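Reader: Before I look at the model, I would like to know how each label attached to it is justified. Please set the values against the cut-offs.

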Amino acid sequence: MSQSSSNTLTLLDRYPLRTHNTFGFDVHAHVACRVESEDQLRAALRDPRVAELPRLVLGGGSNVVLTRDFDGLVLLVALHGRRITHEDDDAWYVEAAAGENWHEFVAWTLAQEMPGLENLALIPGTVGAAPIQNIGAYGLEMCERFASLRAVEVATGETHELDANACRFGYRDSFFKREGRDRFVITSVTFRLPKAWVPRASYADIARELAAEGLGDASPNAQAIFDAVVAVRRAKLPDPQELGNAGSFFKNPVIDAAQFEALQRQAPEVVAYRQPDGQVKLAAGWLIDRCGWKGRAMGAAAVHERQALVLVNRGGASGAEVLALAQAIQQDVRERFGVELEAEPVCL
C-alpha cells in the first residue's frame, strides 16, 4: 500500500477496508484519506488528485454492505471531541464530533449526569452516522434528543448547520438517505438532553431485565436502564468484533390497517404494534423466523441463531453473498405474507 501526501493531507492507495466495516468484508478502496478536521475534509474534497473520483464516507462502517472494492475515494471520518455547549432551564446541549464512538458517547453523557440517551446504548457505529439512520431502540429514537448538526457540503466545501426540520427524520430514515445522499459530510452532532428526565422502561425485554435485577417495582434511574439495555443487546445480538454483522439488517415493516387485518386472518399470532396514525408496525424478526430462516446459512453468510433480524459473516463471506441471502429472505417473506422487507444498511 503506497502513500502520497500534500501538506497535511495523506492519500492511501489500495487501502484495505476490512477493519472499517463491521461485517469484516475483505475489500479495498482505490484510495482513502483519514479526516480529522473540517479543514482536512475540505482539502480532501478539493484535492485535484481525487477530484473526479466517486466518494464514500465511512465512520464505523456499521450500516454498510460493501459488495466489492470501492473504485474511488473513501473518507475515513476520525473527527473526535465532545463537550457541553450550553444549558437552559429545560435541557443540556451536548456536542460530539462525528468520529466519536456512539456507545462511548452515551456512557459519557451518563457520567456527566445528563440522562436521555441510555436506551440507545451499545448501538454500533459513530455519532456522525446516528442522524443518517435516525437510530432507535427500546422505545427511543435519536431524533427525540436531536438539536442540530454541522455538515460540510461536498460540492462547495461550505459548512452548514441543520436543525431537525432540515434533517427530515423518519423511521430509520432522514434527508441524508434520500435527497441529501452524498451531498453532505456530517462533522458533529448536538443533542438536547432534558433536565425533566422520564425513564423509558416499559419495553418488554428491558422491563424483564430490570425485574431480574430487582428493579421491577421501582422507578429505575438512567444508569439502570443503560445497564439493562447493554445486557439485553449482548444476550440477543452478536459482537461484530467476534462475528461480522451490521446489527438489525431489516426495518420493521409498517403496513396499513386493512393489510394488517388480512395478514392477521392468515397468521393470528403475528407480532405487531399499532401506531398512532392507524398504521401497524410488524416485527420483521418474527416474519423471518416463521419463514424458517433463523440459524440458516447460504455459504459463509447466515442468519443468526438467536436473532432472525441479524445477518452474519461466519468467516470469509463476501458482501455479495450477504446480499444474496437478504434477497432470498425478502422473497420468502413476500411470498408467504405479502410483506416487503427493506434493508437497513446501504448496499454498495
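**Labels and their grounds**

Author: This is a predicted model. The protein carries 36 positive and 46 negative side chains, and the centres of these two sets are 3 Å apart.

Reader: What is the count of helices and strands in the protein?

Author: The protein has 9 helices and 21 strands.

Reader: Why is the protein called as compact as a globular protein of its length?

Author: The globule rule gives 20 Å for 348 residues, and the radius of gyration is 21 Å, close to that value, so the protein is as compact as a globular protein of that length. Along the principal axes, its C-alpha atoms fill a box of roughly 65 × 55 × 35 Å. Of the 348 residues, 50% are buried. Among contacts with a separation of 6 or more, 61% are between residues 24 or more positions apart.

Reader: How much area does the protein expose, and what share of it do carbon and sulfur atoms supply?

Author: The protein exposes about 16,100 Å², and carbon and sulfur atoms supply 45% of that.

Reader: Why is helix α2 described as largely enclosed by the rest of the structure?

Author: Buried means under 20% relative accessible area. In helix α2, residues 102–111, 7 of the 10 residues are buried, so the helix is largely enclosed by the rest of the structure. Those buried residues are W102, H103, F105, V106, W108, T109 and L110.

Reader: What covers the buried residues of α2?

Author: The cover includes the strands β7 (82–87), β8 (91–97) and β13 (184–194), along with the helices α3 (130–133) and α6 (222–236).

Reader: Which side-chain oxygen reaches the backbone nitrogen of H103 at the start of α2?

Author: A side-chain oxygen of N101 does, coming within 3.1 Å of that nitrogen.

Reader: What makes the phi of E113 worth a remark?

Author: Most residues other than glycine have a negative phi. E113 is not a glycine, yet its phi is positive, at about 60°. This residue comes just after α2, in the loop between α2 and α3.

Reader: Is E113 buried or exposed, and how do you know?

Author: The cut-off for exposed is over 50% relative accessible area. E113 has 65%, so E113 is exposed.

Reader: Where does R172 lie, and what is its phi?

Author: R172 is in the loop between α4 (164–167) and β13. Its phi is near 50°, again a positive value in a residue other than glycine.

Reader: Is R172 buried or exposed, and on what value does the label rest?

Author: The relative accessibility of R172 is 12%, which is under the 20% limit, so R172 counts as buried.

Terms used
Residues are numbered from 1 along each chain as its sequence is written. This is a predicted model: local features need pLDDT of at least 70, side-chain atom pairs count only at pLDDT 80 or more; totals for chains, interfaces and linings use all residues. Side-chain values use heavy atoms; hydrogens and water are left out. Helices (H or I, at least four residues) and strands (E, at least two) are DSSP runs, numbered from the N terminus. The radius of gyration is taken over C-alpha atoms; the globule rule is 2.2 Å times the number of residues to the power 0.38. Buried means under 20% relative accessible area, exposed over 50%, partly exposed in between (1.4 Å probe, protein chains only). Contact means heavy atoms within 4.5 Å. Accessible areas come from the Shrake-Rupley method with a 1.4 Å probe; for residues, only the protein chains shown count as cover. Lys and Arg count as positive and Asp and Glu as negative; His and the chain ends are not counted. The place of a charge is taken as NZ of Lys, CZ of Arg, CG of Asp or CD of Glu. A polar contact is a pair of N or O atoms within 3.5 Å; within protein, one must be able to donate a hydrogen and the other to accept it, and residues adjacent in sequence count only if both atoms are side-chain atoms.
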